[in-house]
Amino acid sequence: MMRCRRATRWMVTALDGELPARRRRALDGHVARCPACRHEMATTAAVLQGVGGLATSSEVPGRLEQATFRRVRLLAAAEAERAATRAWWMRLRLPVLGFATAVVAIVAVGLMRSGDRPLAPRPGDGGRRVVAQAPTKDKPPLVASRERRDPKATATVPAEPPPQLAAAPELFMDLPLLRNMEKLEHFEAIRTTTLDDGGEQSNG
Amino acid sequence: MATVSADEAAPESAERPREVPAGSTPDAGSGFAAAAADPDVALMLRCQSGEEAAFQDLFRKFSPRVLQFARRFVGSEARAEEVTQDVFVQVFRFRHRYRPQSRFSTWLFTIATNLCLNEVRRPERHLRVDLWNRRDGEERPEGPPLPDPAAVTPEEGAAARQLGQRLEALVAELPPKQRAALLLSRMDGLAYRDVAEALGSTEGAVKALLFRATQTLKRGLRDYL
């Protein structure tokens with residue numbers, strides 16, 4: 001059974017035709033039985049009717065119409081001008097971007113090439129300078145680049161073999177020079193032996 | 001000019017299903033179907049494509065209602081005209097945000113409500129009670145007196161006018177949102193869901209606003225009812 005408080009809250013919505021059908025039937029049933037709510041419903045209807053009777057429109061002065069149209073025309077002209085400026089900039093944007101990209105690429109390539117340049121060996125330094133710079137992961141070993149060797153550097157025999165070679169003597173055992181080194185040990189004896197020595201040393 | 005953000009004044013019209021105008025198919029999703037059913041939608045679509053004449057037609061059709069609506073929120077006739085002008089400039093500026101699935105009048109009064117409520121919040125605004133009082137020698141557009149079909153004598157007519165003026169004053173004293181909900185709901189073609197959209201609120205909130213507004217008016221008109 002509906003209470004008067006709820007019925008009062010539904011009255012405006014019902015009078016505006018926005019109350020769902022089921023609730024409207026419940027409200028109508030309550031109003032039929034309750035004199036106080038019947039009076040409240042009539043009062044609400046009168047007030048809404050009065051508000052509905054208030055002026056909802058009024059005459060618009062000519063100056064208002066002209067002023068509004070003028071502002072709108074200025075707005076439309078400003079929009080057209082912005083659109084034209086934007087189109088001009090868009091037409092130039094791609095060539096400018098392409099040019100900028102090309103400049104950046106050229107500068108980047110130039111920087112990379114200057115970083116790849118190997119150090120030229122100084123006279124008297126031989127291979128020591130080259131050995132001092134150990135190869136890194138992203139750089140090839142300097143010993144591999146032989147293009148820039150100074151042709152004027154005099155070839156001097158190092159006093160000691162390079163560490164890599166000294167650590168692996170077996171690398172040179174196949175050399176004919178070393179294979180015949182034993183024979184050379186007797187060279188001095190062969191050279192100095194004469195027939196007058198009595199054949200103390202046999203030839204062989 | 002009322003300071004209002006573009007998004008606040010001219011929102012994207014909602015695409016939820018709503019009461020479609022008579023003659024259009026319920027599932028009409030395209031603007032063309034809505035335009036065929038609602039001439040205001042057709043005018044707005046032409047306005048979106050840049051037709052100045054379409055905008056002028058919309059102005060002439062709706063500016064009287066917008067002006068009267070604005071009068072009930074601002075303190076002076078001149079300011080009401082300025083607000084009306086601002087409303088239609090916003091309509092033009094943000095015409096591309098309008099979606100034909102909703103009524104043009106709903107979208108228009110969403111903008112008008114936002115600007116009017118902003119106007120009310122301005123600190124320098126002073127509500128002049130004499131807006132609803134006739135000034136000497138001034139032609140002021142006055143709304144019709146409270147309808148009274150039984151009024152046949154001058155005395156009854158005068159009483160009806162007095163009641164109407166009292167009602168106008170009471171409406172002017174309502175809190176802005178209650179006032180907006182009450183006035184919008186009395187406009188032709190605006191259902192509660194349209195009023196809710198214009199206020200950026202819900203139907204339930206609109207019902208509550210209308211209930212409170214009506215209770216206030218009933219208390220103020222106790223001597224007349």
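Let me begin with the term I will lean on throughout: a salt bridge here is a side-chain nitrogen of Lys or Arg within 4 Å of a carboxyl oxygen of Asp or Glu. With that rule in hand, A:Glu79 forms a salt bridge with B:Arg95, the closest N and O atoms being 2.9 Å apart. A:Glu79 sits in helix 4 of chain A, while B:Arg95 sits in the loop between helix 5 (77-93) and helix 6 of chain B, so this pair joins two chains. Helices, I should say, are DSSP runs of H or I with at least four residues, numbered from the N terminus.

Before going on, please keep in mind that this is a predicted model, in which local features need pLDDT of at least 70 and side-chain atom pairs count only at pLDDT 80 or more, whereas totals for chains, interfaces and linings use all residues. Residues are numbered from 1 along each chain as its sequence is written, chains are lettered from A and ligands numbered from 1 in the order in which they are written, and side-chain values use heavy atoms, with hydrogens and water left out.

So, is B:Arg95 buried or exposed? At 7% relative accessibility B:Arg95 counts as buried, where buried means under 20% relative accessible area, exposed means over 50%, and partly exposed lies in between, with a 1.4 Å probe and protein chains only.

Turning to the interface as a whole, the contact (heavy atoms within 4.5 Å) takes 37 residues from chain A and 45 residues from chain B. The buried area, that is, the accessible area (1.4 Å probe) that two parts lose on being put together, summed over both, is about 3,800 Å² between chain A and chain B, and carbon and sulfur atoms give 65% of that. Seven salt bridges are counted between the two chains, chain A and chain B. On the side of chain A that touches chain B, the elements giving two or more residues are helix 1 (4-15), helix 3 (35-53) and helix 4 (62-116) of chain A, and helix 4 of chain A gives the most, with 12 residues.

Over all chains, the count comes to 14 salt bridges, and two pairs within single chains deserve a closer description. In chain A, A:Arg24 forms a salt bridge with A:Asp28 at 3.1 Å between the closest N and O atoms; being four residues apart in helix 2 (residues 21-33) of chain A, these two are separated by about one helical turn. A:Arg24 counts as partly exposed at 28% relative accessibility, and A:Asp28 is likewise partly exposed, at 36%.

In chain B, the side chains of B:Lys61 and B:Asp40 meet in a salt bridge at 2.6 Å, N to O. B:Lys61 lies in helix 4 (residues 52-71) of chain B and B:Asp40 in helix 3 (residues 39-48) of chain B, so the pair ties together parts that are 21 residues apart in sequence. B:Lys61 is partly exposed at 43% relative accessibility, whereas B:Asp40 is buried at 10%. Also in chain B, a network of salt bridges links B:Arg79, B:Glu82 and B:Glu119.

Finally, why is helix 9 (residues 192-199) of chain B described as largely enclosed by the rest of the structure? Seven of its eight residues are buried, among them B:Tyr192, B:Asp194 and B:Leu199. The cover over these buried residues includes helix 1 of chain A together with helix 6 (104-121), helix 8 (176-185) and helix 10 (203-220) of chain B. After helix 9 of chain B comes B:Gly200, whose phi is positive, near 70°.
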